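Visitor: Hi! I'm new to this one, could you walk me through it?
Guide: Happy to, let's have a look together.

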Amino acid sequence: MSDKIVSEDLLSHKWDRVISNFVVKTGLGLSVGIVASALLFKKRTWPIAISTGWGFGVAYADAQRIFHPYHVPGVEFKKEKPTV
Amino acid sequence: MASKLYQTTVKNVGQQRIGSFVSKRLQSTNTSAPKSSSFGKKLLATTVVTAAVAGGGVYLALNDPNVHDFVTTHVQGGEEALAFVKEHQDSLNEAHKQATHYLSLAKDHSGMAVDYATATYAKLTGDNTPSTPNPPSSSPAAASPAEPKQPEQQKPLAPPIVVQQLATNNAAIQELSRVVSELADILNDAGLADAGRDILAKADGEIRALNARWQAHIQEQSEILKAVKQIDQHGAALASGVDQLHGKAHISIQSTRANMVDKIQHKESIMHQDHSNEQLLLKESFQQIMAAESSKLQQQLAYEQQQALLAQAENLKRQFMQDSKVLIEHERAVRLQTLDKVYTRYKALEDVSVTQAAALDQSRRTHERFVALSSVQDCVQSRQRQPFREEWQALSNACASDATLKHVLQSVTRDTTEQGIATHKELADRYDTMAQQVRRVALVPEDGGFGAHIISLIMSKLLFKKQGLVDGDDVEAVLARSSYYLEKYDVENAARELNQLQGWPKRLAIDWIQAAREHLEVQQVLEIVETYVLSSSLNDA
């Protein structure tokens with residue numbers, strides 16, 4: 001980040017990225033699904049649904065990472081009070 | 001009502017119209033079968049029959065070899081059942097035997113009881129029946145007569161103790177001997193001579209020894225008396241000799257004294273004569289000497305008088321010179337004193353002028369600081385955010401000479417001066433946007449991910465907005481309190497309140513808090529400088 005983001009706008013920046021991510025990845029999933037269904041799966045509907053779901057899921061995972069970059073599954077970070 | 005009528009009409013009509021063929025069809029041909037028994041009863045019956053068949057099969061298998069073979073080969077659990085039954089057959093037989101044994105025992109006991117009962121009955125009724133059992137002997141045996149006590153035999157008499165009485169001069173020893181003999185008599189009379197024999201013999205022996213010692217002592221005493229008498233006699237002889245000597249000495253002393261007195265008188269007269277002769281001689285010589293001495297003294301006196309006069313002359317001269325010197329010195333001192341006074345007055349004037357210059361300098365500096373300070377204040381309190389770098393530079397230059405002010409001014413960073421501080425209006429505007437964002441994130445937990453954010457976004461629309469000084473730790477209460485303080489122009493408390501947020505809301509609010517802090521910092525520094533400058537100007541005055 002070259003510019004310094006004001007802290008109030010921190011969240012709106014994240015939301016922008018997340019929403020754009022969602023749109024892009026779901027769209028990609030949809031298109032891949034349509035192509036695959038048309039070419040490989042004899043024009044059935046379920047590959048489209050699966051692929052769109054995959055795209056949505058990837059977008060969700062990215063959103064999770066954007067919003068919570070330090071989250072490691074199964075690890076809990078605790079704030080420790082300093083002891084003398 | 002109408003429907004009923006309709007229905008009955010239909011039925012009747014139906015029966016009439018449709019005819020016997022259809023009515024027969026309509027009627028059921030099934031005879032009402034009895035209600036079949038329920039499922040539980042069927043199950044119970046099946047269980048009972050199966051158990052009976054199994055038990056019978058096992059029993060037959062135990063007794064009949066053909067059935068046994070059949071059961072073991074064709075029936076599923078037959079072998080195990082038979083083995084189990086055989087195992088316990090032995091214990092069953094055992095139990096049977098035990099039971100018969102107990103039964104026989106019981107019979108015996110009962111027979112015994114019966115016999116006993118009949119016997120007692122016979123006894124009670126009379127000794128008629130021949131079959132009586134032996135009566136148990138229970139009469140107590142006669143006690144054996146006690147042996148008569150044998151009379152105690154008389155003990156043979158013990159030989160009596162023989163003690164001779166001692167004849168001595170000492171009364172005590174005689175007494176002791178008498179006591180011992182009496183004891184012996186007593187014991188002899190009582191017949192307990194054996195008991196005291198040894199002791200009395202010992203006592204007797206000791207008394208004899210004591211007597212012997214006493215005798216020895218008496219002898220020694222008589223010998224000592226003889227010796228003392230002899231000494232006495234010797235002493236008397238010596239005393240008489242000494243008296244004789246004494247008389248002889250006295251006589252001789254008196255004779256010598258008389259001789260001496262005569263001699264002394266003679267000598268005295270001779271000495272008197274000599275003495276008077278010598279006195280005359282001494283007088284004459286004395287007179288001569290005195291004359292010579294007096295002439296010498298006169299001469300000396302004259303000489304000394306001369307010398308004294310000369311010395312006095314000398315003294316007077318010296319004194320005169322000293323006095324004149326003192327006077328001169330005095331005059332010089334007076335002149336020097338006046339010089340000193342002039343000098344000190346000059347010095348005082350110099351000091352005054354120097355302090356005056358310093359005070360002027362100080363007041364100039366204070367004025368300078370005040371001017372710089374007011375320029376910075378104007379800049380800071382303007383309507384918009386303005387950078388105040390040059391003004392700040394001027395202020396720090398003006399305050400460079402004072403250590404505390406320099407230290408205080410250093411706490412504001414260069415960036416702040418370059419960017420300026422947020423005005424109150426700006427803070428308030430920014431607060432609104434910040435509060436809106438914070439409200440959206442209010443319900444996100446510490447480790448919440450994307451889902452938590454979405455939920456918080458939706459649920460925060462349902463939260464009530466609070467206003468004024470409300471108690472509580474939640475985000476709404478904190479926001480309400482800080483906005484209240486901000487309206488009252490109390491930026492410090494607003495920032496403090498917002499600092500209490502935690503997690504995501506804090507992360508969003510942190511820049512606003514920072515801006516408010518800078519604002520407060522600069523205000524505080526300016527306040528400090530202002531008070532300092534004012535107090536120093538009062539000092540100068």
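Visitor: How many residue pairs are in polar contact between chain A and chain B?
Guide: There are two such pairs between chain A and chain B, both at pLDDT 80 or more. A polar contact is a pair of N or O atoms within 3.5 Å; within protein, one must be able to donate a hydrogen and the other to accept it, and residues adjacent in sequence count only if both atoms are side-chain atoms.

Visitor: Where do these numbers come from?
Guide: This is a predicted model, in which local features need pLDDT of at least 70 and side-chain atom pairs count only at pLDDT 80 or more, while totals for chains, interfaces and linings use all residues. Residues are numbered from 1 along each chain as its sequence is written, chains are lettered from A and ligands numbered from 1 in the order in which they are written, and side-chain values use heavy atoms, with hydrogens and water left out.

Visitor: Back to the interface, how many salt bridges are found across it?
Guide: The rule finds zero between chain A and chain B. A salt bridge here is a side-chain nitrogen of Lys or Arg within 4 Å of a carboxyl oxygen of Asp or Glu.

Visitor: Which parts of chain A touch chain B?
Guide: Helix 1 (10-39) and helix 2 (46-67) of chain A each supply at least two residues of that side. Helix 1 of chain A gives the most, with seven residues. Helices (H or I, at least four residues) and strands (E, at least two) are DSSP runs, numbered from the N terminus.

Visitor: And what classes of residue are on that side of chain A?
Guide: The side of chain A that touches chain B has 10 nonpolar, four polar and three charged residues. Ala, Val, Leu, Ile, Met, Phe, Trp, Tyr, Cys and Pro count as nonpolar, Asp, Glu, Lys and Arg as charged, and the others, Gly among them, as polar.

Visitor: How many residues does each chain bring to the contact?
Guide: Chain A brings 17 residues and chain B brings 20 residues, where contact means heavy atoms within 4.5 Å. Together the two chains bury about 1,500 Å², 65% of it on carbon and sulfur atoms. Buried area is the accessible area (1.4 Å probe) that two parts lose on being put together, summed over both.

Visitor: Can you show me a residue there?
Guide: Try His453(B), in helix 11 (residues 450-459) of chain B. Setting aside neighbours within four places in sequence, His453(B) is in contact with Leu11(A), Trp15(A) and Phe67(A) from chain A, and with Val441(B), Val444(B) and Trp504(B) from chain B.

Visitor: Is His453(B) buried or exposed?
Guide: His453(B) is buried, at a relative accessible area of 3%. Buried means under 20% relative accessible area, exposed over 50%, partly exposed in between (1.4 Å probe, protein chains only).

Visitor: What about a residue in chain A?
Guide: Ser37(A) sits in helix 1 of chain A and counts as buried, at 4% relative accessibility. A polar atom of the Ser37(A) side chain lies 2.8 Å from the backbone oxygen of Arg44(A).

Visitor: Now the chains as wholes: how many helices and strands are in chain A?
Guide: Chain A has two helices and zero strands. Of the 84 residues in chain A, 26% are buried.

Visitor: And chain B?
Guide: Chain B has 14 helices and zero strands. Buried residues make up 19% of the 541 residues in chain B.

Visitor: How many salt bridges are there over all chains?
Guide: The search of the whole structure finds 18. Side chains of opposite charge can pair when their charged atoms come close.

Visitor: Got an example?
Guide: Glu497(B) forms a salt bridge with Arg481(B), with the closest N and O atoms 2.8 Å apart. Glu497(B) lies in helix 13 (residues 491-498) and Arg481(B) in helix 12 (residues 475-487) of chain B, so the pair ties together parts that are 16 residues apart in sequence. Both Glu497(B) and Arg481(B) are buried.

Visitor: Any within one helix?
Guide: Glu492(B) and Arg496(B) form a salt bridge, with the closest N and O atoms 2.5 Å apart. Both lie in helix 13 of chain B, four residues apart, about one turn of the helix.
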